[in-house]
Amino acid sequence: AQVNITHDNSRVNAVLPSGESIEVLLYGATVTSWKDRAGNERLWLSDAAKLDGSKAVRGGIPLVFPVFGTAPDHAATSKLPQHGFARTSIWEFMGSSTSESTGKSDNSVKLDFGLSQSNLTDESKKLWPHPFSLQYSVTLTPDSLGTGMVITNQGDQPFEAQLLMHTYLRVKDITKVSVTGLEESDYVDKVDAAKTKKQSGTVTISGETDRVYTPAKGPSHPVVVSEGGAATFTVVRDNLDDVVVWNPWIEKAAGMGDFEPKDGYKNMICIEAGAVKGWQKLEAGDAFEGAQVISV
Ligand code: BG6
């Protein structure tokens, strides 16, 4: 059996011989589905997510670039919409490689996507006038999903950017979830006046949670999501120093038109790997690379 890759003008699907699959929308290069071999979804995607390019996708893995949230005090990105334009731009599918074609013995597929200044709408170009390229790869193996980004400054002036992979993980019951790997880490608590706090022990969710952690142990130390004590997802980062933990809980979910079902907050937790504290400064011609691997 071979890896089966299908694509049309709006999305790319890949299925491994062993049955695991992914789907990536060209809109935002958003991973909208990651299924195990039995067809069970591992990512959370809102029933009301817009998949027609009219709004950033609520769920899956939207990409945040070149600004996380909004940055009113950062002149170069202050005019951009929340989380920038990568998640609302139409990316190009650059091709794929499989374990067969690369001679690797593992059963895997890598899908490559690209976005550069020429793909942007005139409006985005005006708001962020820097020649750049993003090369994004999505790698599926039977027991992991990897996402990696290379940002290149194609211009002759420096620019500053932030990057985040806004992963919505699917869980059975948020009240039974615990997140380890963030012990003793500083975080900015966005639901408490952006105060800086220190995590003690594991993270559990019992209300609206919106925190920007800088894990004390560094990117290669895994952040593990467990349910009822059993590990369900292990996230290892490469060169992405920060981890956002987000769950909108009842009221925030109620206020989001594209968040359905309304009690869907019970079935998701966002563990978002990124470089969002401060700015990555890229000199002319420079590149920044960051990646994550989510293992099950
Ligand atoms: C998180 C932010 O990364 O994304 C939250 O920390 C934000 O503050 C959330 O609410 C969702 O953002 P959006 O723009 O997709 O509604």
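Reader: Leaving aside neighbours within four places in sequence, which residues are in contact with arginine 87?

Author: The model is predicted, with local features needing pLDDT of at least 70 and side-chain atom pairs pLDDT 80 or more, while totals for chains, interfaces and linings use all residues. Residues are numbered from 1 along each chain as its sequence is written. Contact requires C-beta atoms, placed from the backbone, within 7 Å of each other. Beyond its sequence neighbours within four places, arginine 87 is in contact with Gly28, Thr30, Ala56, Pro62, Leu63 and Val64.

Reader: Is arginine 87 buried or exposed?

Author: Arginine 87 belongs to the loop between S5 and S6 (strands are DSSP runs of E, at least two residues, and helices runs of H or I, at least four, numbered from the N terminus). A residue is buried if 20 or more other C-beta atoms, placed from the backbone, lie within 10 Å of its own, exposed if 12 or fewer, and partly exposed in between. Since 22 other C-beta atoms lie within 10 Å, arginine 87 is buried.

Reader: Is glutamine 82 buried or exposed?

Author: Glutamine 82 lies in the loop between strand S5 (63–64) and strand S6 (92–98). Setting aside residues up to four places away in sequence, glutamine 82 touches Gly69 and Thr70. Because there are 11 C-beta neighbours inside 10 Å, glutamine 82 counts as exposed.

Reader: Which residues does the UniProt annotation "binding site" cover, and where do they gather?

Author: The annotation comes from an unreviewed UniProt entry and covers Arg58, Gln82 and Arg87 (such annotations may be inferred rather than shown by experiment). These residues span 30 residues in sequence, yet no two of their C-alpha atoms are more than 13.5 Å apart, so they gather at one spot.

Reader: Which residues lie around the ligand?

Author: A residue is counted here if its C-beta atom, placed from the backbone, lies within 6 Å of the ligand. Gln82, from the "binding site" annotation, is one of these residues. The full list is Ala56, Gly69, Gln82, His83, His166, Lys190, Asp210, Val244, Trp246 and Glu272.

Reader: At which residues does UniProt place the feature "active site"?

Author: The feature again comes from an unreviewed entry, which places it at His166 and Glu272. The two span 107 residues in sequence, yet their C-alpha atoms are not more than 4.6 Å apart, so they gather at one spot. The residues named by the UniProt record are thus His166 and Glu272.

Reader: Which residues is histidine 166 in contact with, apart from neighbours within four places in sequence?

Author: Histidine 166 is located in the loop between strand S10 (159–165) and strand S11 (168–170). With 24 other C-beta atoms within 10 Å, histidine 166 is buried. Outside its neighbours within four places in sequence, histidine 166 is in contact with Ile61, Pro62, Val64, Cys270 and Glu272.

Reader: Which residues is glutamate 272 in contact with, apart from neighbours within four places in sequence?

Author: Glutamate 272 is part of strand S20. Having 25 other C-beta atoms within 10 Å, glutamate 272 is buried. Beyond its neighbours within four places in sequence, glutamate 272 is in contact with Leu164, Met165, His166, Thr167, Val243, Val244 and Trp246.

Reader: Which strand gives the most residues to the largest nonpolar core?

Author: A nonpolar core is a set of buried Ala, Val, Leu, Ile, Met, Phe, Trp, Tyr and Cys residues joined through C-beta atoms within 7 Å. The largest core has 80 residues, of which Leu169, Val245, Ile269 and Ile271 touch the most other members. Leaving aside neighbours within four places in sequence, the contacts of isoleucine 269 include Leu169, Val171, Ile174 and Val225. With 8 residues, the strand that gives the most to this core is S20.

Reader: Which strands stand at the edges of the open sheet of 9 strands?

Author: The strands are ordered S6-S7-S8-S9-S21-S18-S17-S12-S15, and their pairing is antiparallel (strands pair if DSSP finds at least two bridges between them). Within the sheet, 5 bridges join strand S17 (residues 223–227) to strand S18 (residues 230–238), and valine 223 stands opposite valine 235 in S18. Each edge strand has a single partner strand, so one side of each is left without a neighbour in the sheet; the two are S6 and S15.

Reader: What is the omega of the peptide bond from phenylalanine 65 to proline 66?

Author: Proline 66 is in the loop between S5 and S6. The bond from phenylalanine 65 to proline 66 is cis, and its omega is near 0 degrees.

Definitions and conventions
Two residues are in contact if their C-beta atoms, placed from the backbone, lie within 7 Å.
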